[in-house]
Amino acid sequence: MEKYAPFHVKKYCVIDNNDEVYRKFVNEYEDNYHFVYKMKCSCYNDKFEVYKDDNPTVIIRCTNCNKEITVYDLKYYPSAIKLEDKLEMEQVICCNQNIFNVYPIYEYGDEFEYDTEFDENDITWCIIFIREIKNNSIKKLIDDETA
Ligand SMILES: [Zn+2]
């Protein structure tokens, strides 16, 4: 099965079947139009600080090389209502910790395979889970319909 993701994030989206948490999300969510990933930096690290605002926009920062990766931002999605306001990003803290694995799930419209001008950026929904590493605590960070 071919898997899709928005262009801004695709090269950091990996499949990690050795990760039990990833496998659980695949079992729960993945089908022909929901694609589950784990975030991995180009330096191969998979641990991130997480920043979010109320739009919601989600940006993560690699704990190894400090690269910032946008995981979710409405400005990239054709069917999204664009928001003018720039809101303040807040760092996500969970169990007094700030280092997470990040698992996004991108949804496409159920007819997308038949769309001759299919646009990989045209997601309809996004859920992001984070796993706080020290306590193995899992939290749903966003659950957002793009339009
Ligand atoms: Zn990195």
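Here are legends for several close-up views of this structure, which is a predicted model.

**View 1. Four cysteines hold a zinc ion.**
Start with the metal: C41, C43, C62 and C65 each coordinate the zinc ion through their SG atoms, at 2.3 Å. What arrangement do the four donor atoms make around the zinc ion? It's tetrahedral, because the angles they subtend run from 101 to 120°. For comparison, the ideal angle for four tetrahedral donors at a metal is 109.5 degrees. Read along the chain, the zinc donors are spaced as C-x1-C-x18-C-x2-C.

**View 2. C43 and C65, two zinc donors from distant parts of the chain.**
This pair sits 22 residues apart in sequence. C43 comes from the loop between strand 3 (38–39) and strand 4 (48–52), while C65 comes from the loop between strand 5 (58–62) and strand 6 (68–72). Are these two cysteines buried or exposed? The answer is in between: C43 counts as partly exposed because its relative accessibility is 27%, and C65 is partly exposed too, with a relative accessible area of 35%.

**View 3. The hairpin of strand 5 and strand 6.**
Here strand 5 and strand 6 run antiparallel, joined by four bridges. To get your bearings, find I59, which stands opposite T70 in strand 6. Strand 6 is mostly covered, with four of its five residues buried. Five residues lie between the two strands of this hairpin, and N66 is worth a look in the loop between them. N66 isn't a glycine, yet it has a positive phi of about 70°. With a relative accessibility of 52%, N66 counts as exposed.

**View 4. Y72 and the largest nonpolar core.**
Now for the inside. The largest nonpolar core has 33 residues, and those with the most contacts inside it are M39, V50, Y72, Y106 and I128. Which strands each supply at least two residues of this core? They are strand 4, strand 5, strand 6, strand 8 (100–108), strand 9 (123–132) and strand 10 (137–145). Zoom in on Y72 and you'll find that, beyond residues up to four places away in sequence, it touches several partners, including H8, Y77, I123, C126, I128 and I142. P56, T57 and V58 are also among the residues that Y72 touches. There's a second, separate core as well: it has eight residues, including Y22, V36, I105 and I127.

**View 5. A cis peptide bond at P56.**
Look at the link between N55 and P56: this peptide bond is cis, with omega at about 0°. P56 has its place in the loop between strand 4 and strand 5. P56 is also one of the residues in touch with Y72 from the previous view.

**View 6. The hairpin of strand 9 and strand 10.**
How many bridges join strand 9 to strand 10? Eight, and the two strands run antiparallel. One of the facing pairs is C126 and D144, with D144 in strand 10. Four residues lie between the strands of this hairpin, and N136 sits in the turn. N136 is not a glycine, but its phi is positive, at about 50°. At 46% relative accessibility, N136 counts as partly exposed.

**View 7. D143 and its side-chain partners.**
D143 lies in strand 10. Its relative accessible area is 39%, so D143 is partly exposed. Which residues does D143 contact, leaving aside its neighbours within four places in sequence? They are W125, C126 and I127. The D143 side chain makes a polar contact with the side chain of W125 at 2.7 Å, and another polar contact, at 3.0 Å, with the side chain of K140. If you want to relate this view to the zinc site, D143 and C65 are 28 Å apart from C-alpha to C-alpha, with 78 residues separating them in sequence.

**View 8. E2, in the segment before helix 1.**
Finally, go to E2, found in the segment before helix 1 (7–10). Its relative accessible area is 55%, so E2 is exposed. The side chain of E2 makes a polar contact with the side chain of Y4, at 3.5 Å. N32 is 30 residues from E2 along the chain, and their C-alpha atoms are separated by 9.1 Å.

Technical notes. Residues numbered from 1 in each chain as written. Predicted model: local features only at pLDDT ≥ 70, side-chain atom pairs only at ≥ 80, totals over all residues. Heavy atoms only, no water. Donors = N, O, S within 2.8 Å, 3.2 Å for Na, K, Ca; no water. Tetrahedral: all angles 85-135°; square planar, octahedral: opposite > 155°, others 65-115°. Buried < 20%, exposed > 50% of the residue type's maximum accessible area, 1.4 Å probe, protein only. Pairing = 2+ DSSP bridges. Polar contact = N/O pair within 3.5 Å; in protein donor to acceptor, adjacent residues only side chain to side chain. Core = buried A, V, L, I, M, F, W, Y, C linked by side-chain atoms within 4.5 Å. Contact = heavy atoms within 4.5 Å.
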